[in-house]
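User: Hey, can you walk me through this one? I'd like to start with the sheet.

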Amino acid sequence: MGVAAGPIRVVVAKPGLDGHDRGAKVIARALRDAGMEVIYTGLHQTPEQIVDTAIQEDADAIGLSILSGAHNTLFAAVIDLLKEREAEDILVFGGGIIPEADIAPLKEKGVAEIFTPGATTQSIVEWVRENVREAAGA
């Protein structure tokens with residue numbers, strides 16, 4: 001899983017009941033335009049669906065977008081499922097409306113990076129390029 005030759009493969013997902021996906025679509029397009037292969041899962045995905053997709057698609061990373069306030073629960077569930085399925089080489093990053101006080105605990109749980117409102121698409125693309133395969137040992 002992960003660490004394949006060729007373009008970086010990123011699953012962009014909207015976990016939970018959050019129905020706003022404009023930001024996720026903007027990020028998916030920016031990553032695609034930067035030469036990455038992007039699998040956008042659509043709205044209302046469960047952590048299980050997201051992890052299943054990432055494993056099936058041999059993804060290098062999962063980008064989670066959330067605005068609903070359920071980030072602590074849903075991000076942790078994705079991390080836990082990746083561990084259970086021995087797919088910890090798939091890097092998880094996220095963005096959305098996430099309070100500053102929640103960022104450090106999310107990183108402690110295994111989320112590699114959090115992007116908050118105002119992050120540029122270029123900064124996200126650069127972070128993915130610099131960190132995704134490096135973290136997986138490529």
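User: How many strands form the sheet, and in what order?
Analyst: This is a predicted model. In it, 5 strands form an open sheet. The order is E2-E1-E3-E4-E5, and the pairing is parallel.

User: Which are the edge strands?
Analyst: Strand E2 (37-40) and strand E5 (113-115). Each pairs on one side only.

User: By how many degrees are neighbouring strands turned against each other?
Analyst: On average by 20 degrees, direction ignored.

User: What packs on the sheet?
Analyst: Helix H1, residues 22-33, does. Helix H1 touches E1, E2, E3 and strand E4 (91-96). The direction of H1 makes about 160 degrees with that of E2.

User: Back to the strands. How many bridges join E1 to E3?
Analyst: There are 4 bridges between them. E1 covers residues 9-13 and E3 covers residues 61-66, and the two run parallel.

User: What stands opposite Val11?
Analyst: Ile62, in E3.

User: New topic: pockets. What volume does the largest pocket have?
Analyst: About 360 Å³.

User: And which residues are closest to its centre?
Analyst: Gly23, Ile27, Ser65, Gly95 and Gly96. They belong to a lining of 27 residues.

User: Which elements give two or more residues to that lining?
Analyst: E1, H1, E3, E4 and helix H5 (121-135). The largest share is 5 residues, and that share comes from H1. So the helix that packs on the sheet also lines this pocket.

User: What does the lining have by class?
Analyst: The count is 13 nonpolar, 11 polar and 3 charged residues.

User: Last topic, charges. How many salt bridges does the structure hold?
Analyst: It holds 7 salt bridges. In general, side chains of opposite charge can pair when their charged atoms come close.

User: Where is one of them, say the one with Arg9?
Analyst: The side chain of Arg9 meets that of Glu37, at 2.1 Å from N to O.

User: What does the Arg9 and Glu37 pair tie together?
Analyst: Arg9 lies in strand E1 and Glu37 in strand E2, so the pair links parts that are 28 residues apart in sequence.

Terms used:
Residues numbered from 1 in each chain as written. Predicted model: local features only at pLDDT ≥ 70, side-chain atom pairs only at ≥ 80, totals over all residues. Heavy atoms only, no water. Pairing = 2+ DSSP bridges. Axes fitted to C-alpha atoms, helices over the stretch in contact; angles between N-to-C directions. Contact = heavy atoms within 4.5 Å. 1 Å grid on protein atoms, 1.4 Å probe; cavity = no way out; pocket = protein on both sides within 12 Å on 5 of 7 lines; lining within 4 Å. Points joined across faces, edges and corners; volume = space filled by probe spheres on them. Nonpolar A, V, L, I, M, F, W, Y, C, P; charged D, E, K, R; others polar. Salt bridge = Lys/Arg side-chain N within 4 Å of Asp/Glu carboxyl O.
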